[in-house]
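User: I would like to learn how to read a model of this kind feature by feature, with the general idea before the particular case. Please show me the sequence and structure, and then we can begin.

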Amino acid sequence: MGFLDRFERGLEGAVNGVFARAFKGDVQPVEIAARLQKELDAEAKMVNRHKKLVPNEFIVGLSQHDYDRLTPYGKTLTGEIIPELRSHAKEAGYVFNGPIMLHFELDDALPTGRFTVASEAVAKVDSSVDNHSNSAINRADLVLEVNGLRHPLTPPGVVIGRGSDADLRVNDPGISRRHAEVQVSGSGLDMRYRIVDLGSTNGIKVDGDKVPHADLRPGTTITIGNTRILVLDAAGR
């Protein structure tokens, strides 16, 4: 039994066939499931000879009509679609950065029966500083922001990596265990921020250029693995 057959049978069993009646002529849940599977295949990026990284966050855009009809069943839909995406990924040798997330959003520009899919590989991030406590962030002039988590830049700095000993841990297969270090030195107006590659496998990019090291300032974009990290002025948060 194929992916779509398994999904359709499981979904219909879960809601006693209500979708077939409620959505006739509109966006069908099985169409969304098929598009998400194709999204995995289209966006897969080679990590090594045996694994490919795929998106784990999906946003499905729906017309007002389809949004009103589908969202009451959102929990059932995600509960059926996500396990099938995991199964397809396992069979294809795909890996996810973090948990699979599926969101439905209203798009007034879409006609009934049409939908869009946007996706992104979002890595799970852990920091040695509690993201919900602002005391350390308030004391810093600059912060690193990665996937919604902010880490203050204070002396002597922060090690970024995938390993458990990193200060800012990013679950990205393209990131080394100790990938890079942001060094913070000086005081007051003489504070200096500098990122240094720690001999990582894939290197670092700063504002799109691959470099062994670089000075940082507000607005700088750092790319390591498949993850973007922003340098922000903490006072402007």
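User: At 1.5 Å a residue, what should the 15 residues of α3 span, and how far apart are its end C-alpha atoms?

Analyst: Before I answer, note that this is a predicted model, in which local features need pLDDT of at least 70 and side-chain atom pairs count only at pLDDT 80 or more, whereas totals for chains, interfaces and linings use all residues. Residues are numbered from 1 along each chain as its sequence is written, and side-chain values use heavy atoms, with hydrogens and water left out. Helices (DSSP runs of H or I, at least four residues) and strands (runs of E, at least two) are numbered from the N terminus. The expected span of a helix is 1.5 Å times one less than its number of residues. For α3, with its 15 residues, that should give 21 Å, and the end C-alpha atoms are indeed 21 Å apart, which agrees. The 19 residues of helix α5 (residues 74-92) should span 27 Å, and the end C-alpha atoms are 26 Å apart, again in agreement.

User: Which residues of α3 are buried, and how should I read such a list?

Analyst: A residue is called buried under 20% relative accessible area, exposed over 50%, and partly exposed in between, using a 1.4 Å probe and protein chains only. It helps to recall that an α-helix has 3.6 residues a turn, so residues three or four places apart point the same way. In α3 the buried residues are P29, V30, I32, A33, A34, L36, Q37, E39 and L40. For α5, the buried residues are G74, L77, T78, I81, I82, E84, L85, H88 and A89. Just after α5 comes G93, whose phi is positive at about 80°.

User: Which residues is F104 in contact with, leaving aside its neighbours within four places in sequence?

Analyst: Contact means heavy atoms within 4.5 Å. F104 has its place in strand β5 and counts as buried, since its relative accessibility is 15%. With neighbours within four places in sequence left aside, F104 is in contact with I32, V60, L62, Y67, T71, G74, L77 and T78. V60 is 44 residues away from F104 along the chain, yet their C-alpha atoms are separated by 4.9 Å.

User: Where does L110 lie, and is L110 buried or exposed?

Analyst: L110 is in the loop between β5 (101-106) and β6, and its relative accessible area of 17% makes it buried. Setting aside neighbours within four places in sequence, L110 has contacts with G61, L62, S63, F115 and T116. Its C-alpha atom is 7.9 Å from that of Q64, although 46 residues part the two in sequence.

User: What volume does the largest pocket have, and which residues lie nearest its centre?

Analyst: Pockets are found on a 1 Å grid over the protein atoms alone: a cavity is a set of points where a 1.4 Å probe fits but cannot get out, while a pocket is an open set with protein on both sides within 12 Å along at least five of seven lines, and lining residues have an atom within 4 Å of a point. Grid points are joined across faces, edges and corners, and the volume is the space filled by probe spheres set on the points. Here the largest pocket has a volume of about 420 Å³; 19 residues line this pocket, with E120, A121, N147, N226 and R228 nearest its centre.

User: Why does the largest pocket lie between domain 1 and domain 2?

Analyst: Domain bounds come from an automatic or database domain assignment. Domain 1 (3-120) and domain 2 (142-233) both contribute residues to the lining, so the largest pocket lies between them. At least two lining residues come from each of α3 (29-43), β2 (52-54), β6 (115-120), β8 (142-146) and β18 (227-233), and the largest share, three residues, is from β18.

User: Which peptide bond is cis, and which residue has a positive phi although it is not a glycine?

Analyst: The cis peptide bond joins P155 and P156, with omega about 0°, and P156 lies in the loop between β9 (149-153) and β10 (157-161). D207 is not a glycine but has a positive phi of about 50°; D207 belongs to the loop between β14 (204-206) and β15 (209-211) and, at 47% relative accessibility, counts as partly exposed.
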